[in-house]
Amino acid sequence: QVQLVESGGGLVQAGDSLRLSCAASGRTFSRYTTMGWFRQAPGKEREFVAAISWSGGSTYSDDSVKGRFTISRDYAKNTVYLQMNSLKPEDTAVYYCAANGPVGSRANYEYDYWGQGMQVTVSA
């Protein structure tokens, strides 16, 4: 069993930066495990943001955040991060971290464990 605890959300202005953290506990991940970030805006479906191979560290992200968001992980601390730069109002959403997706996954239903979600609000 895995528990994911998120932190770092908040209210910022357009152009600002924010870093989200997701700390995992309760299980040791293997090289086959993918960690991801998703977000859900009011009235919209949960969408993929970025993901990382827990063991190898390779990353991929949605086109909407390329060049602005960077996913990374601290293997020793069992923590994954999402560095968000040049934030836009359309980035406003509840952000969720997810664990145990297959390699290359961009679909929320393919992940087994989820954080509690945290609000990120970007004002114009």
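Two strands count as paired if DSSP finds at least two bridges between them. With that in hand, welcome to a set of close-up views, all taken from a predicted model.

**View 1. Strands E4 and E5 pair in the antiparallel sense.** Let us begin with the strands themselves: E4 covers residues 34-40, and E5 covers residues 47-53. Six bridges hold the pairing of E4 and E5. Look for Thr34 and, standing opposite it in E5, Ser53. The two strands make a hairpin with six residues between them, and Gly43 in the turn has a positive phi of about 75 degrees. E5 is mostly covered, with six of its seven residues buried.

**View 2. E5 also runs antiparallel to E6.** Here three bridges join E5 to E6, a strand that spans residues 59-61. Ile52 has Thr59 of E6 opposite it. E5 and E6 form a hairpin too, with five residues between the strands, where Gly57 takes a positive phi near 85 degrees.

**View 3. Thr34 and its surroundings in strand E4.** Is Thr34 buried or exposed? Its relative accessibility is 3%, so Thr34 counts as buried, the cut-off being under 20%. Leaving aside neighbours within four places in sequence, Thr34 is in contact with residues including Ala51, Ile52 and Tyr60. Its contacts also include the run Ala98, Ala99, Asn100, Gly101, Pro102, Val103 and Gly104, as well as Tyr111. Ala51, Tyr60, Ala98 and Tyr111 turn up again in a nonpolar core of six residues, the second one and separate from the largest.

**View 4. The largest nonpolar core has 28 residues.** In soluble globular proteins, nonpolar side chains tend to be buried together. Which residues have the most contacts inside this core? They are Leu4, Leu20, Trp37, Leu82, Met84 and Tyr95. Strands E3, E4, E5, E7, E8, E9 and E11 each supply at least two of the core residues. Take Leu20 as a handy anchor: beyond four places in sequence, it is in contact with Trp37, Leu82, Met84 and Tyr95, among others. The contacts of Leu20 also include Ser7, Gly8 and Gly9, along with Val80, Tyr81, Met118 and Val120.

**View 5. Met84 sits in strand E8.** At 0% relative accessibility, Met84 counts as buried. Not counting residues up to four places away in sequence, Met84 touches Asp16, Ser17, Leu18 and Leu20, and also Arg68, Phe69, Tyr95 and Val120. A pair to try in your viewer is Met84 and Gly15, which are 69 residues apart in sequence and 9.9 Å apart in space, C-alpha to C-alpha.

**View 6. One disulfide joins Cys22 to Cys97.** The structure holds one disulfide, and its S to S distance is 2.0 Å. The torsion about the S-S bond is about 55 degrees, so the disulfide is right-handed. Cys22 belongs to strand E3 and Cys97 to strand E9, so the bond ties together parts that are 75 residues apart in sequence. How much relative accessible area does Cys22 keep? Cys22 is buried at 0%, and Cys97 is buried with 0% as well.

**View 7. Arg68 and Asp91 form a salt bridge.** Side chains of opposite charge can pair when their charged atoms come close. For Arg68 and Asp91, the closest N and O atoms are 2.8 Å apart. This pair links distant parts of the chain: Arg68 is in the loop between E6 and E7, while Asp91 is in the loop between E8 and E9, 23 residues apart. Both partners are buried. Salt bridges that share partners also join Arg39, Glu47, Arg68 and Asp91 into one network.

**View 8. Two further salt bridges, Glu47 with Arg39 and Asp63 with Lys66.** How many salt bridges does the structure hold? There are four. The Glu47 and Arg39 side chains meet at 2.8 Å, N to O. Arg39 counts as buried at 5% relative accessibility, whereas Glu47 is partly exposed at 31%. For Asp63 and Lys66, the N to O distance is 3.2 Å. Asp63 is exposed, with a relative accessible area of 63%, and Lys66 is partly exposed, with 44%.

How values were computed:
Residues are numbered from 1 along each chain as its sequence is written. This is a predicted model: local features need pLDDT of at least 70, side-chain atom pairs count only at pLDDT 80 or more; totals for chains, interfaces and linings use all residues. Side-chain values use heavy atoms; hydrogens and water are left out. Buried means under 20% relative accessible area, exposed over 50%, partly exposed in between (1.4 Å probe, protein chains only). Helices (H or I, at least four residues) and strands (E, at least two) are DSSP runs, numbered from the N terminus. Contact means heavy atoms within 4.5 Å. A nonpolar core is a set of buried Ala, Val, Leu, Ile, Met, Phe, Trp, Tyr and Cys residues joined through side-chain atoms within 4.5 Å. A disulfide is a pair of cysteine sulfur atoms within 2.5 Å.
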